[in-house]
Amino acid sequence: MILLEWYKQVRRPRTYGVLVVVALFAVALTVSLAATGPAQVEYVGDLPLLMVPRTSGWSVPLIALSSTMKFFLPLAVSLFAAESVAGDAAWGSLRYALARPVSRARVLWSKATVAGLLSVASVVVLVVAATVAGGLAFGWRTLDLTDGSASTPGHPHVAAFAVGPLVGHLALATLYVVAGQASIFAVAFFLSTTTRRPLVAVAGGVGLTIVSRVFNADYLPGIQVVDRYMPNNDIDLWQHLFTRPADLAGIPHFLILQAAYVVVFMVLAHVWFTRKDILD
Amino acid sequence: MGPDPGPAGTGAADPPAVRLEGLTKQLRHGVTAVDHLDLEVPTGSVTALLGPNGSGKTVTLRMLLGLVRPTHGRVLLFGQEVRPGARVLGRVGALVDGPGFVPHLSGRRNLELAVRLVRLSGGDADLDAALAMADLGDAADRGYATYSHGMRYRLAMAQALLGSPDLLVLDEPTTGMDPAQAVGVHRAIGACAAAGTTVVLTSHALPEIEGICDRAAVLRSGRLLAEGTIAELLGTEPRLVVEVDDTDRAAAVLAGLPGAPSVTPVGPRTLAVVGGGLGTVAVLEHLEGTGVRVLGVRAGNLEDSYLALLGDPAADPPDAADR
């Protein structure tokens, strides 16, 4: 069942279209950085991390992750999640699959698995494309990163990362960003089971990131209580993996929050889908 | 036949292909789409569900396929209760609410997906037979999105017939087809019936129903109005349909005749006349003798019986959903 769903989705122009656009973004980012002056300092993320991109190609995946994690990647993930059930319903093929002696739960979880894999692929493709493009443009050299939150005038907190640790930390950062998209995926996937209009579910996933940013205590300190439960606000904590010492205090809470969103909305999707009447 | 067939249903003591027991479906907003429907479809028959839009035909078919859960009552196929994903659905082929395929895959790939989904025992043989039936030619390897309306319906029929199902459920299978394509579908249904497949279908084309079905059930507002063989629905007494210039006056004239025939309007200028022992000549003489102008006269058909059964369509409650 998973293979059938995989076959349907990977042959879909929209699927590889999204992955190609993600990869092209990484290339365009590299070209833009290359076109900028050689000593240009970039302030990456909310921390911020300070780096000179042209000194090492490893800067590009960090900048790419930082610039896409709050909208572009949620959009890609929402697309994959939203299309999985609602797309099939819109084509009319869902009712024929469900009129067969196949359990609805199997159909649902096959779709969830494939949409999840494609969502992970969107993040991985971004990082790999940015790493390759960055390395080809600037070389895979040691990267100096300055912790903008801890630095003071005349006393910059600089950490130099050799290639080995960089690869490990970048892999962890990628995993963290993947985990950070899980809540958006779950909400868009649940919405996908309730409609035959994929765009409604896409809007739900992207809308969640917007709501999350609105209720962000970084901008409105008075909403600290709500901020803790917003799914997208702490997605930039992976940047602390590239500071010394690394402050990883908020990461467990964020991962637990993602797990909670996933459990709640995937259970809702299961209950809804296995009981709904297929009337359209 | 499906991948895991239940007990075969061909013997006299076997349960009917379809049994609906007190079947009721209430939709949202308090709309009752199907209302305590009891019906049996004998194995091997070709049975039509008839009724105006919103009478509950499509919802009933969807409950047959486990797509919609009954609010009350149950559906039994070959004696086994239908639930979503029930094993007995492996014995059923369906075309409901038009074709539904993955648009970026070819007709061949779409049928392959259907074969693999239920692991049909026939495998490639089933696929080849279905492709031959769809008659897509070179287009079989072209994207489904490029297909014409007729090609899509042929592919949908081919999918419904994959694996030679014991029960074929067809919801308006000839909608939008040209006459030649519709004849092709009629032939396919006839071939299935000849092979012992039970067919349940809906259609608004009553001459088509009269030609291919041996039984029919008429629904109105989700309730069963009448059911039986086509001959039973046509009635044992001859039915005469007259077209006149003044139906009210003609109805009054005919109803006052000896034998008190039943007179029912079946169109804006047509009346169905049943009983009273009146022949065509007698009816014409009485009408013209009282100044009613007769524009035409013919023997009654299923359409007349159906319209007479439904009576005044304006009496139907408004339907809030596609039923």
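Which residues of helix 3 of chain A are buried? In this predicted model, the buried residues of that helix are A:Ser59, A:Val60, A:Pro61, A:Leu62, A:Ile63, A:Ala64, A:Leu65, A:Ser66 and A:Thr68. Helix 3 spans residues 59–68 of chain A and is mostly covered, with 9 of its 10 residues buried.

**Chain A**

Chain A contains 11 helices and 4 strands. Its radius of gyration is 20 Å, close to the 19 Å that the globule rule gives for 280 residues, so chain A is as compact as a globular protein of that length. Along the principal axes, the C-alpha atoms of chain A fill a box of roughly 70 × 45 × 25 Å. The chain carries 19 positive and 14 negative charges, and the mean positions of these two sets are 14 Å apart.

One residue of chain A may be described individually. A:Glu83 lies in helix 4 of chain A, which covers residues 72–91. This glutamate is buried, with a relative accessible area of 6%; the cut-off for a buried residue is under 20%. Apart from neighbours within four places in sequence, A:Glu83 is in contact with A:Arg12, A:Arg14, A:Asp88 and A:Pro198.

**Chain B and the two chains in parallel**

The secondary structure of chain B consists of 10 helices and 14 strands. The table sets out like values for the two chains.

| Chain | Buried residues | Contacts joining residues 24 or more apart, among those 6 or more apart | Accessible surface | Carbon and sulfur part of the surface |
|---|---|---|---|---|
| Chain A | 52% of 280 residues | 75% | about 11,700 Å² | 71% |
| Chain B | 51% of 323 residues | 69% | about 13,700 Å² | 51% |

**The interface**

How many residues of chain B are in contact with chain A? On the chain B side there are 35 such residues, and they are in contact with 27 residues of chain A. The size of an interface is often given as the accessible area lost when the parts come together. Between chain B and chain A the buried area is about 2,700 Å², and carbon and sulfur atoms give 59% of that area. B:Leu67, B:His104 and B:Leu117 supply 23% of the area that chain B buries against chain A, more than any other three residues.

Helix 2 of chain B, residues 107–117, has 8 of its 11 residues buried, so this helix is largely enclosed by the rest of the structure. The buried positions are B:Gly107, B:Asn110, B:Leu111, B:Glu112, B:Leu113, B:Ala114, B:Val115 and B:Leu117. Both chains take part in covering them: the cover includes helix 1 (2–10) and helix 5 (93–98) of chain A, together with helix 3 (124–134) and helix 4 (149–160) of chain B. B:Leu117 thus appears among the buried residues of helix 2 and also among the three residues that supply 23% of the area chain B buries against chain A.

**Individual residues of chain B**

B:Leu23 is placed in strand 1 of chain B, residues 18–26. Is B:Leu23 buried or exposed? The residue is buried, with a relative accessible area of 0%. Leaving aside neighbours within four places in sequence, B:Leu23 has contacts that include B:Val34, B:Asp35, B:His36 and B:Leu37. Its further contacts include B:Thr60, B:Met63, B:Pro70, B:His72, B:Gly73, B:Arg74 and B:Val75. The C-alpha atom of B:Leu23 is separated by 16 Å from that of B:Phe78, 55 residues apart along the chain.

Two loop residues of chain B have a positive phi although neither is glycine. B:Asp97, with phi near 60°, is in the loop between strand 6 (92–95) and helix 2. This aspartate counts as partly exposed, at 40% relative accessibility. B:Glu172, with phi near 45°, is found in the loop between strand 7 (167–171) and helix 5 (179–194). B:Glu172 is also partly exposed, with a relative accessible area of 24%.

Helix 5 of chain B contains B:Val183, a partly exposed residue with a relative accessible area of 36%. The C-alpha atoms of B:Val183 and B:Glu208 are separated by 9.3 Å, the two residues being 25 apart along the chain.

Methods: Residues numbered from 1 in each chain as written. Chains lettered and ligands numbered in written order. Predicted model: local features only at pLDDT ≥ 70, side-chain atom pairs only at ≥ 80, totals over all residues. Heavy atoms only, no water. Rg over C-alpha atoms; globule rule 2.2 N^0.38 Å. Buried < 20%, exposed > 50% of the residue type's maximum accessible area, 1.4 Å probe, protein only. Contact = heavy atoms within 4.5 Å. Areas by Shrake-Rupley, 256 points an atom, 1.4 Å probe, with all protein chains shown as cover. Lys, Arg positive; Asp, Glu negative; His and termini not counted. Charge placed at Lys NZ, Arg CZ, Asp CG, Glu CD. Buried area = accessible area lost by both parts, 1.4 Å probe.
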